[in-house]
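Open the model in your viewer and keep the selection box at hand. Each stop below tells you what to select and what is there.

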Amino acid sequence: MSDATLNTVTDNPDDFAVQISDQVASFIVSVREVAKGDEPDSAVPFLLLEVSQLLLAGGRLGAHEDIVPDERYEPDLGPEQDVDDLRQRLAALLDPIDVYSEVFDPYEPRKAPVPCRISDDLADVVADLGHGLAHYRAGRTTEALWWWQFSYFSNWGSTASGALRALQSLVAHVRLNQPLEDLDGLDTDEDLTEETLEEAAGRVMAEEIAGPLGLRTVK
C-alpha cells in the first residue's frame, strides 16, 4: 500500500483506511447499543459476533507493514472520551457472567490466570478505538491508522481477544449443554485460586442465553 493511499481519506469502499474505520465505528456503535440493555437476552451472542468482526480488522492491521504517523508528536485531541457509563451498563447487563479468567501472555511461563471482566475489556477497547476514530474524523488518516495499529499490539488486540474467548466459552457451554458451577459471588477483588477461576461460566448463563439461542434448559 502506498503512502498516498494511507494519507488520503476517500469514499472508495476498497480503501484500507475506509474499511478499517468503518469496522471501528460499527463496533463502537454496536457495543453502545447493546449496553442500553434493550435486548438483554441476545447480548452475549451479539457481542461475540461484534468482537469477532473487530478482530478481523485487528488482524489486518497487525499483518500490515508498520504505519508511521506524519507528525512526530500526536496532535492534541482534547479530553479523552468517558467510557465509565458504558462500563457500568455492560457490567450490569452481564452480571454475574462478567468475570472470567485470563492468561495475559501464553508465551510467558508459569503465569497464573487472573480475573478479568468482559465489561472492562469492551469499555477499554472502545476507548482505544475511539481515540483513533477522532483522528480519522479530523482528517488525520495516517495518525488514526498508526494509533489503531499501535494500540492493537499494545492493548486492545489482546484485550478483545480475551473477551472473545470468554464470550465464545459462554456460548459454547450452552450449545454443548456443559454448564459449570454457579458464578454467584465471583469478583475480581477476591483472592481467587486457579480452581475457582476455572469456573468461568455458571448455570445462570444458560438461563440468560439458552432461550435466545433456541436451546434446551440446562439441568
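The tour goes through two pockets, some salt bridges and a few buried residues of this predicted model.

**Stop 1: the largest pocket**

Select Glu102, Phe104, Ser158, Thr159 and Gly162. These residues lie nearest the centre of the largest pocket. The lining holds 16 residues in total, and the pocket has a volume of about 230 Å³.

Next, colour by element. Two strands and two helices each give two or more residues to this lining: strand E1 (99–102), strand E2 (114–117), helix H5 (118–137) and helix H6 (141–175). Which of the elements gives the most to the lining? Helix H6 does, with 5 residues.

Now colour the lining by residue class. You should find 6 nonpolar, 4 polar and 6 charged residues.

**Stop 2: Glu102**

Stay at this pocket and centre on Glu102, one of the residues nearest the pocket centre. Glu102 sits in strand E1. Is Glu102 buried or exposed? Its relative accessible area is 8%, so Glu102 counts as buried.

Show the side chain of Arg165 as well. A polar contact of 2.3 Å joins the side chains of Glu102 and Arg165. Then expand the selection around Glu102. Leaving out residues up to four places away in sequence, Glu102 touches Ala112, Pro113, Val114, Cys116, Ser158, Gly162 and Arg165. Ser158 and Gly162 were also in your opening selection, among the residues nearest the pocket centre.

**Stop 3: the second largest pocket**

Clear the view. Select Glu33, Val34, Asp38, Glu39, Ser42, Ala43 and Phe46, which line the second largest pocket. About 160 Å³ of space lies there.

Check the elements again. Helix H2 (16–35) and helix H3 (43–63) each supply at least two residues of this lining. By class, the lining divides into 3 nonpolar, 1 polar and 3 charged residues.

Keep Glu33 on screen, since Glu33 belongs to this lining, and add Lys36. Their side chains meet in a salt bridge, at 2.8 Å from N to O. How exposed are the two partners? Lys36 is partly exposed, with a relative accessible area of 48%. Glu33 is partly exposed too, at 41%.

**Stop 4: a salt-bridge network**

The structure holds 7 salt bridges. Select Asp84, Arg87, Asp120 and Asp124 to see a network of them.

Start with Arg87 and Asp84. Their side chains meet at 3.8 Å, N to O, in a salt bridge. Both residues lie in helix H4 (residues 84–94), 3 residues apart, which is about one turn of the helix. Asp84 is partly exposed, at 42% relative accessibility.

Then turn to Arg87 and Asp120. Here the salt bridge spans 3.4 Å, N to O. Why does the pair tie together separate parts of the chain? Arg87 lies in helix H4 and Asp120 in helix H5, so the salt bridge links parts that are 33 residues apart in sequence. Asp120 is partly exposed, with a relative accessible area of 25%.

**Stop 5: Ser21**

Go back to helix H2 and select Ser21, which has its place there. Ser21 is buried, at 4% relative accessible area.

Show its surroundings. Apart from residues up to four places away in sequence, Ser21 touches Leu133, Tyr136 and Trp148. Now put a distance label between the C-alpha atoms of Ser21 and Gly132. The two are 8.8 Å apart in space, yet 111 residues apart in sequence.

**Stop 6: Ser151**

Finish in helix H6, where Ser151 lies. Buried or exposed? Ser151 has a relative accessible area of 1%, so Ser151 is buried.

Turn on backbone atoms for Trp147. Its backbone oxygen lies 2.6 Å from a polar atom of the Ser151 side chain. Then select the contacts of Ser151 beyond its neighbours within four places in sequence: Asp128, Trp156 and Gly157.

Technical notes: Residues are numbered from 1 along each chain as its sequence is written. This is a predicted model: local features need pLDDT of at least 70, side-chain atom pairs count only at pLDDT 80 or more; totals for chains, interfaces and linings use all residues. Side-chain values use heavy atoms; hydrogens and water are left out. On a 1 Å grid over the protein atoms alone, a cavity is a set of points where a 1.4 Å probe fits but cannot get out, and a pocket is an open set with protein on both sides within 12 Å along at least five of seven lines; lining residues have an atom within 4 Å of a point. Grid points are joined across faces, edges and corners, and a volume is the space filled by probe spheres set on the points. Helices (H or I, at least four residues) and strands (E, at least two) are DSSP runs, numbered from the N terminus. Ala, Val, Leu, Ile, Met, Phe, Trp, Tyr, Cys and Pro count as nonpolar, Asp, Glu, Lys and Arg as charged, and the others, Gly among them, as polar. A salt bridge is a side-chain nitrogen of Lys or Arg within 4 Å of a carboxyl oxygen of Asp or Glu. Buried means under 20% relative accessible area, exposed over 50%, partly exposed in between (1.4 Å probe, protein chains only). A polar contact is a pair of N or O atoms within 3.5 Å; within protein, one must be able to donate a hydrogen and the other to accept it, and residues adjacent in sequence count only if both atoms are side-chain atoms. Contact means heavy atoms within 4.5 Å.
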